[in-house]
Amino acid sequence: MDAAIRHPQAQQTSTARGAIDRGIGDRYVGAFGILVTAALMVLAFCLLFYGLMQFWPPPAPSPGSTTAPPAVTLFRASIDVSRDYRLFVVAALGGALGGMVHSFQSLTWYVGNRKLVRSWLIMYALLPLTGAAMALIFYIVLRAGLVSPQATEQDISPFGFVAIAALVGLFSEQASQKLKQVFETLLTPAPKGDDYVAPNAVRITGFVPTQGEAGVGVTIRGSGFTGATSVEFNSIAAIPTVASDNEIRVSVPAGAESGPITVTSQAGSTTSASSFTVLSKVTITSFAPTQGPIGSPVLITGRGLGDADSVEFNQGRAVATALSDTTVLATVPPGAISGPVSVRGQNLNCVSSDSFTVTPPAGGPQP
């Protein structure tokens, strides 16, 4: 996505929208809200363009001319201002118009993809103000450093300054970074705090689900994910799908182990503070009863047990009846010895962590 319309807003599926806490303003904007927002933005654009046209400096008077420049007319109100003052105003209005273009591009993209949430409406209101402020700063810097001190406002063409102002408003983030680079060249950079996070740095804020077996899809949220090339589950890598700069999706790779998640992108790499728990695809979680004589039924519970065809009680093997993918029924066979329970089947071999105790029949010896 173009840098001018890249914003930290996640693309949610219908199953994941409720699973991720996005905080204040997490509700999606309805059709009426979208129409009102678009109408207000168009009105603001028209007012800014009208102001730019009215404040546009007139051609510089010829030497020796005593004709005063025409007054600025705003909705039938007449204001007498100097040409230099007009240059300040048109620079600010040019930056605000650039910010409006930024807002229009972003609104169009998110509405078209049905992902506009309320928390971003305030951004659309503030982007023109940010663009105007950045444009004024650039205007002052350029006037101070690039224009000859002997030049007057009559020698300055407004076209160049307004063009730069509009670009600064459209790319305000890049403009602020350029100013930062300029002044860090001249001055000693300020020390960074312990919780400092560089702009556009790769950062993981959360992921859902927090556990699952190999092949399960995981949605990771954070920042700096553009161009992500790898996601590692405790050093086992997988190729992600980038949904936005703030969201990627990936499937848990085969052989992954429980541990933190590491994301690598164009902006660097980062590791999550919390761990993802990798569940075994086939596992025995419990069985009941936990003891009994030969011939007694035992219900085994776990995961991925649907293909079970036999159960071993340490040594003795019994035919298994798979009731579902999570439950298996078996009878304690002759020759069974107290110990772990094993569930067998085609491509299935799982051993319990707990032991089953084989008890003697009434009046019989202990197996």
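**View 1. Strand S15 (residues 308-313) pairs with S16 in the antiparallel sense over 4 bridges.** Here strands are DSSP runs of E with at least two residues, helices are runs of H or I with at least four residues, and both are numbered from the N terminus. Two strands pair if DSSP finds at least two bridges between them. Within this pairing, Glu312 stands opposite Arg317 in S16. The wider setting is an open sheet of 5 strands with mixed pairing, ordered S13-S20-S19-S15-S16. Strand S13 (291-292) and strand S16 (316-319) each have a single partner strand and stand at the edges, so one side of each is left without a neighbour in the sheet.

A note before the next views: this is a predicted model, in which local features need pLDDT of at least 70 and side-chain atom pairs count only at pLDDT 80 or more, while totals for chains, interfaces and linings use all residues. Residues are numbered from 1 along each chain as its sequence is written, and side-chain values use heavy atoms, with hydrogens and water left out.

**View 2. Ser342 is found in strand S19 (residues 339-345).** Ser342 is buried, with a relative accessible area of 7%; buried means under 20% relative accessible area, exposed means over 50%, and partly exposed lies in between, using a 1.4 Å probe and protein chains only. Not counting residues up to four places away in sequence, Ser342 touches Ser310, Val311, Glu312, Cys350 and Val351, where contact means heavy atoms within 4.5 Å. Ser352 is also worth picking out: Ser342 and Ser352 are 10 residues apart in sequence and 6.3 Å apart in space, C-alpha to C-alpha.

**View 3. A second open sheet of 5 strands has the order S4-S11-S10-S6-S7 and mixed pairing.** Its edges are strand S4 (211-212) and strand S7 (236-238), each with a single partner strand, so one side of each is left without a neighbour in the sheet. Strand S10 (residues 259-265) and strand S11 (residues 268-278) run antiparallel and are joined by 6 bridges, with Thr271 in S11 as the bridge partner of Thr262. A hairpin takes S10 to S11 through 2 residues. Strand S6 (residues 230-233) also pairs with S10 in the antiparallel sense, over 4 bridges, and there Val231 stands opposite Val263 in S10. S10 is mostly covered, with 5 of its 7 residues buried.

**View 4. Ala238 lies in strand S7.** At 11% relative accessibility, Ala238 counts as buried. Leaving aside neighbours within four places in sequence, Ala238 is in contact with Ser230, Val231, Val250, Ser251 and Pro253. Of these, Pro253 can be placed by its spacing: Ala238 and Pro253 are 15 residues apart in sequence and 5.8 Å apart in space, C-alpha to C-alpha.

**View 5. Helix H2 (residues 83-112) and helix H4 (residues 158-170) pack at an angle of about 35 degrees, with their axes 7 Å apart.** The axes are lines fitted to C-alpha atoms over the stretch in contact, and angles run from 0 to 180 degrees between N-to-C directions. The contact residues of H2 include Leu87, Gly94, Gly98 and His102, while those of H4 include Val162, Ala165 and Gly169. By class, the contact of H2 with H4 has 9 nonpolar, 7 polar and 1 charged residues; Ala, Val, Leu, Ile, Met, Phe, Trp, Tyr, Cys and Pro count as nonpolar, Asp, Glu, Lys and Arg as charged, and the others, Gly among them, as polar. Among the buried residues of H4 are Phe161, Val162, Ala165 and Leu170.

**View 6. Two cis peptide bonds and two positive phi values, shown in their loops.** Most residues other than glycine have a negative phi, and most peptide bonds are trans. The bond from Val208 to Pro209 is cis, with omega near -10 degrees, and Pro209 is in the loop between strand S3 (203-208) and S4. A cis peptide bond also joins Ala288 and Pro289, with omega about -5 degrees; Pro289 lies in the loop between strand S12 (283-288) and S13. Arg76 is not a glycine, yet has a positive phi of about 75 degrees. Arg76 sits in the loop between strand S1 (72-74) and strand S2 (77-79) and counts as exposed at 85% relative accessibility. Ser235, in the loop between S6 and S7, has a positive phi near 85 degrees and is exposed, with a relative accessible area of 59%.
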